[in-house]
Amino acid sequence: TRELDRKLEILDLGCGTGLCGPLLKPHASRLVGIDLSSGMLTKAKNRGDYDELILADIPAFLMLHPAAYDAIVAADTLCYFGDLREVVQGSSRALKPGGLFVFTVERAEDGETEKSGFVLRPHGRYAHGESYVRQVLAGAGFSTESIEDEVLRHEGGVPQHGWLVTAFRQT
């Protein structure tokens, strides 16, 4: 992993109630959160970690902010997108050259996703195959640093596995 020894302009995609804020703030010169829910943003504001909170659609926001961020984080957000291409391409556009993109998605085995690379689960979230994630990242100009199998959450006492992805926008 590359060492980042400076404070970063960080965008938290789908920040929700701001759970990642305390983890990201120590590394940020400016921390921006974006979400579709004004109620969630109010809770995030009350935490006090964000410099700016924005009510907006993620893909549209990303396309309007070229080369604005050093790092983009999307924890437990992209599982609500089947096709990741628009969000990943938008993230590439919104990152400065060499910028860091870290996100999680639920894990699917490549064989269960058929041709699309992703599958909708009964709980309403999408799971993505590793080869699909790699393909989408490469297509958007990212160099994949790592894709690690991690437990993202527990539902009904059952661990839910996903991919923790780290990629860098190529210069």
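Let's start with the hairpin. Strands β8 and β9 form it, with two residues between them. Gly156 sits in that turn, and its phi is positive, about 60°. Keep in mind that this is a predicted model. The two strands cover residues 142-155 for β8 and 158-169 for β9. They pair in the antiparallel sense, over 12 bridges. To fix the register, take Val151: in β9, His161 stands opposite Val151.

Staying with β9 for a moment, look at Trp163. What lies over its face? Arg107 does, at 6.0 Å from the ring centre.

Now the aromatics. How many aromatic pairs does the structure hold? Four. One of them is Phe101 with Phe103. Their ring centres are 4.7 Å apart and the planes meet at 40°, so this pair counts as tilted. Phe101 is buried, because its relative accessibility is 0%. Phe103 is at 1%, so Phe103 is buried as well.

Phe101 has another partner, Phe142. Here the centres are 5.4 Å apart and the planes are at 35°, so this pair is tilted too. The pair links distant parts of the chain. Phe101 belongs to strand β5, residues 95-108, and Phe142 to strand β8, with their positions 41 residues apart in sequence. Are these two rings' residues buried or exposed? Both Phe101 and Phe142 are buried. Put together, Phe101, Phe103 and Phe142 make one aromatic cluster.

Phe142 also leads us to a serine. Ser92 is in helix α4, residues 85-94. Leaving out residues up to four places away in sequence, Ser92 touches Ala140, Phe142 and Arg169. What does the Ser92 side chain reach? The backbone oxygen of Ala140, at 2.7 Å. Why call Ser92 buried? Because its relative accessibility is 9%, and the cut-off for buried is under 20%.

Next, Leu31. You will find Leu31 in strand β2, residues 28-35. Its relative accessibility is 0%, so Leu31 counts as buried. What is Leu31 in contact with, leaving aside neighbours within four places in sequence? The list is Ile10, Gly21, Leu24, Lys25, Asp49, Tyr50, Asp51 and Glu52. One distance to note runs from Leu31 to Ile72. They are 41 residues apart in sequence, and 10.0 Å apart in space, C-alpha to C-alpha.

Last, two backbone oddities to check on the screen. Which residue has a positive phi of about 50° although it is not a glycine? That is Ala67. Ala67 sits in the loop between α3, residues 58-63, and β4, residues 69-74. At 39% relative accessibility, Ala67 is partly exposed, because that value falls between the limits of 20% and 50%.

Then Asp76. Asp76 is not a glycine either, yet its phi is positive, about 60°. Where is Asp76? In the loop between β4 and α4. Its relative accessible area is 35%, so Asp76 is partly exposed.

To recap: β8 and β9 pair in the antiparallel sense. Phe142 of β8 is in the aromatic cluster with Phe101 and Phe103. Phe142 is also touched by Ser92. Leu31 is buried in β2. Ala67 has a positive phi, and Asp76 has one as well. Over to you for questions.

How values were computed. Residues are numbered from 1 along each chain as its sequence is written. This is a predicted model: local features need pLDDT of at least 70, side-chain atom pairs count only at pLDDT 80 or more; totals for chains, interfaces and linings use all residues. Side-chain values use heavy atoms; hydrogens and water are left out. Two strands pair if DSSP finds at least two bridges between them. Helices (H or I, at least four residues) and strands (E, at least two) are DSSP runs, numbered from the N terminus. Buried means under 20% relative accessible area, exposed over 50%, partly exposed in between (1.4 Å probe, protein chains only). Contact means heavy atoms within 4.5 Å. A polar contact is a pair of N or O atoms within 3.5 Å; within protein, one must be able to donate a hydrogen and the other to accept it, and residues adjacent in sequence count only if both atoms are side-chain atoms. Rings of Phe, Tyr and Trp (its six-membered ring) pair if their centres lie within 6.5 Å; planes under 30 degrees apart count as stacked, over 60 as edge-to-face and the rest as tilted. A charge sits over a ring if NZ of Lys or CZ of Arg is within 6 Å of the ring centre and within 35 degrees of the ring normal.
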